[in-house]
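User: Hi! Could you walk me through this one? I'd like to chat about its side chains and helices.

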Amino acid sequence: MIEGLTADAARLARGEVSARALVEYSLDRIERDTLGAFRVTCAEQALEEADRADRWHGRERPPLLGVPVAIKDDTDLAGHITPFGCRGSHEPKTADSEVVRRLRAAGAIIVGKTNTSELGQWPTGETGFGTVRNPWNRDRTPGGSSAGSAAAVAAGMVSGAVGSDGAGSLRIPAAWTGLVGLKPQRGRVSIWPYIDSFYGIAVAGPLTRTVEDAALLLDVLTGNHPDDIHRPPAPAEPYRRAAEREPGRLRIALSFRTPFGVPSAVDPEIRAAVLRLADVLADLGHDVFPADPDYGLIGLNFLPRGTAGVADWLEATPDAEPEPATITEAFLGRHFGRRLVPFARRVEPRMARRIGRIFERADVVLTPTTARLPLRIGALTGRGWLATGHLAAGSCPFCWAWNVLGWPAIGVPAGLSAGGLPIGAQFLGRANDEATLLSLAAQLEAAERWPDRRPADLESSVRGVA
């Protein structure tokens, strides 16, 4: 059985299970998967790597030696295509991305690439390669765009996964599948061979069942390729150590405000769940009070980057076959977005100062992760670009501002709806302060015990597994 990154690494180190047995279990669950989590598996190579892990006799054991993990299908893996959810003709990549290189160096075994919405644009898992379903309710999306990664972890197919986050694409699926999703500081995790993905709004990070696992995976992934342009200061200590440390008494600003121009209605069950978490945090000794970041017109900074990034990707992939909404997004990026990106870059520091004033009063900001419960499968089907964007923005209005700033955020479970659907909250942090977020989230996890909650129909997500 898959337990999680930290637990599985410990079991392997103690000899309680072999890497081959763990990887075989993972591959068996993926083969029987009925959720559509994976676009492709790497069974032969994964088993070969598992056998090598079982023969390992070095002095210092790599932290993830023999542990099965998944990567999102926007991540280059040598010998495989990187279609990013978009159908068409794609050339196999000749080299691993920096994320893959670091995973391999840590001993992790990549068992496959997970499905994502097309070019990561929408908060669903309806892709050019099939539909990803939520293990908590198969009629609902697991969220996106790191949909397959979230479904795979939540359904116990892998110990952990790497996704990416350009507007909440880690935190949204974490919220809708009961996981932890960590968006690191911009540049904390190298996205090489892409040096400025979507003009700085997209980053890579962990999707896991526990905060400890997220910290471990962030430790493994942290670092830069020599040609990276975003290079934040190195962390003062390993993130696992931060997750083990008590956070002390923190000032926590509770906010339900959304940026200007974005719908602000929040599902009553989500509001109640976040208010309940605020009470839990107060009981843990923190000073929780209502206060809102001053977002200003931050949407005018986000849209040029997003649309221009889509245009860039499609121009670099001329044989792709995008959906109509993506074609519209690329058109806007070519004709408007690229012209506005230099302006967006110039005003970003001013926006950061404006929004950052919240940290004169608070150490962390607590918000819902999404405004709606997991969307039904097909909720975005057949809609044009404008209608799709409106529904997406109204469902998930709380995440993307922190992508513009490049600051860290962590999504955590906040309970279940009356209908048994996961609800998420997020902690938003100041620049380069993943450590505080991890410490606080770990303290909350100890009180809430969310890893004990599993989808009721977990076994129905894989055919024939008893």
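User: Let's start with E315: is it buried, partly exposed or exposed?
Analyst: Happy to help! Bear in mind that this is a predicted model. E315 counts as partly exposed, at 46% relative accessibility.

User: And which residue does E315 meet in a salt bridge?
Analyst: That's R338, with 3.0 Å from N to O. E315 sits in helix α10 and R338 in helix α11, so the pair ties together parts 23 residues apart in sequence. R338 is partly exposed as well, with a relative accessible area of 26%.

User: How many salt bridges are there in the whole structure?
Analyst: A search finds 29. Among them is the one between D363 and R251, at 3.1 Å from N to O. This pair links distant parts of the chain, 112 residues apart: R251 is in strand β10, while D363 is in the loop between α11 and β13.

User: Is D363 buried or exposed?
Analyst: D363 counts as buried, because its relative accessibility is 14% and the cut-off for buried is under 20%. R251, in contrast, is partly exposed at 30%.

User: Which residues share a network with those two?
Analyst: R430 and D433; salt bridges with shared partners join them with R251 and D363.

User: Switching to helices: how do α4 and α7 cross?
Analyst: Their axes come within 8 Å and cross at roughly 110 degrees, so the two helices are roughly perpendicular to each other.

User: Nice, and which residues meet there?
Analyst: V99, R102 and L103 from α4 meet L217, V220 and L221 from α7. That contact has 5 nonpolar residues, 1 charged and no polar ones.

Definitions and conventions. Residues numbered from 1 in each chain as written. Predicted model: local features only at pLDDT ≥ 70, side-chain atom pairs only at ≥ 80, totals over all residues. Heavy atoms only, no water. Axes fitted to C-alpha atoms, helices over the stretch in contact; angles between N-to-C directions. Helix = DSSP H or I, 4+ residues; strand = E, 2+ residues; numbered from the N terminus. Parallel < 35°, antiparallel > 145°, perpendicular 65-115°, else oblique. Contact = heavy atoms within 4.5 Å. Nonpolar A, V, L, I, M, F, W, Y, C, P; charged D, E, K, R; others polar. Salt bridge = Lys/Arg side-chain N within 4 Å of Asp/Glu carboxyl O. Buried < 20%, exposed > 50% of the residue type's maximum accessible area, 1.4 Å probe, protein only.
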